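Open the structure in your viewer and keep the selection panel at hand. This tour goes stop by stop.

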Amino acid sequence: MDTVTQVLEHPQYKACCETIADYEADRTYCRHDMEHFLRVGQIAILLAKENGLSIDAEEIMLAALFHDLGRALQYQNGISHAESSAILAEEILLSIGYDPAKTDRICAAVKCHSKRQDVKIRYAKRGSQKTLEDLLSFADHFSRECFACLASDTCKWKAEERIDRPYFEIKEDYDIRKRGLL
């Protein structure tokens, strides 16, 4: 059984996903569910390929699967989701015998992934991602579909942080380097 499947079938992982789903059942804002986790992984893997990075796709997907898992502990205990996600990642990965060095890299990326930024500046820097942390943070931001959100009027994200179209549809108009703004 591959590592991703082992994680997805791990009782602690499943329990955290269920806890998040329970807490977010009536949530009108972006959810932290499997769809989000997988979309982050897909964007990060694509970005790694575009940037010619040799970061293992399995590590990228594992980081994506764990990056918001700590929301379960945040909702229950008020603990930072990024920090608790890293703790959960370490516990689960080591419990299935995953490589400790890879686990450390994944946990470091998960712990530091949560950064909001002006979307056009972030997009303009899309070729500068060199680490798993950078890929995860970028993909987490661009996985959101603010343009289709029913709660956009009350969202806490600033207008310049919101994504106005799907990542794969963003073209030249986001590239502020070409307009001399960066």
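Begin with the whole chain, shown as a contact map if you have one. Among contacts with a separation of 6 or more, 65% are between residues 24 or more positions apart. Keep in mind that this is a predicted model.

**Stop 1: the cartoon.** Colour by secondary structure. You will find 9 helices and 0 strands. From the N terminus on, the order reads α-α-α-α-α-α-α-α-α. Now colour by accessibility. Of the 182 residues in the chain, 43% are buried.

**Stop 2: helix α4.** Select residues 57-66, which form α4. Why is this helix described as largely enclosed by the rest of the structure? Because 8 of its 10 residues are buried. Show them as sticks: Glu59, Ile60, Met61, Leu62, Ala63, Ala64, Leu65 and Phe66.

Next, bring up what covers them. The cover includes these helices:

- α1 (3-9), α2 (11-23) and α3 (34-50)
- α6 (81-95), α7 (100-111) and α9 (132-142)

Then zoom to the start of α4. There a side-chain oxygen of Asp56 comes to within 3.2 Å of the backbone nitrogen of Glu58.

**Stop 3: Thr3.** Stay with Glu58 and look for its partner in helix α1, where Thr3 sits. The side chains of Thr3 and Glu58 are joined by a polar contact of 3.5 Å. Is Thr3 buried or exposed? Its relative accessibility is 12%, so Thr3 counts as buried; the cut-off for buried is under 20%. Leaving out residues up to four places away in sequence, Thr3 touches Glu58, Leu62, Leu93, Ile96 and Tyr98. Leu62 is also one of the buried residues of α4.

**Stop 4: α7 against α9.** Hide the rest and keep these two helices. Their axes are 8 Å apart, and they pack at an angle of about 40°. The pair is therefore oblique. The crossing of α7 and α9 is right-handed. To see the contact, select Arg105, Ile106, Ala108, Ala109 and Val110 on α7. On the α9 side, add Leu132, Glu133 and Leu136.

**Stop 5: the cysteines.** Select Cys107. At 11% relative accessibility, Cys107 counts as buried. Now select Cys149. How far away is the nearest cysteine sulfur? That sulfur belongs to Cys30 and is 5.6 Å away, and Cys149 is in no disulfide. A disulfide needs two cysteine sulfur atoms within 2.5 Å. Across the whole structure, the search finds 0 disulfides.

Key: Residues numbered from 1 in each chain as written. Predicted model: local features only at pLDDT ≥ 70, side-chain atom pairs only at ≥ 80, totals over all residues. Heavy atoms only, no water. Buried < 20%, exposed > 50% of the residue type's maximum accessible area, 1.4 Å probe, protein only. Helix = DSSP H or I, 4+ residues; strand = E, 2+ residues; numbered from the N terminus. Contact = heavy atoms within 4.5 Å. Polar contact = N/O pair within 3.5 Å; in protein donor to acceptor, adjacent residues only side chain to side chain. Axes fitted to C-alpha atoms, helices over the stretch in contact; angles between N-to-C directions. Parallel < 35°, antiparallel > 145°, perpendicular 65-115°, else oblique. Left-handed = near helix turned anticlockwise from the far one by under 90°.
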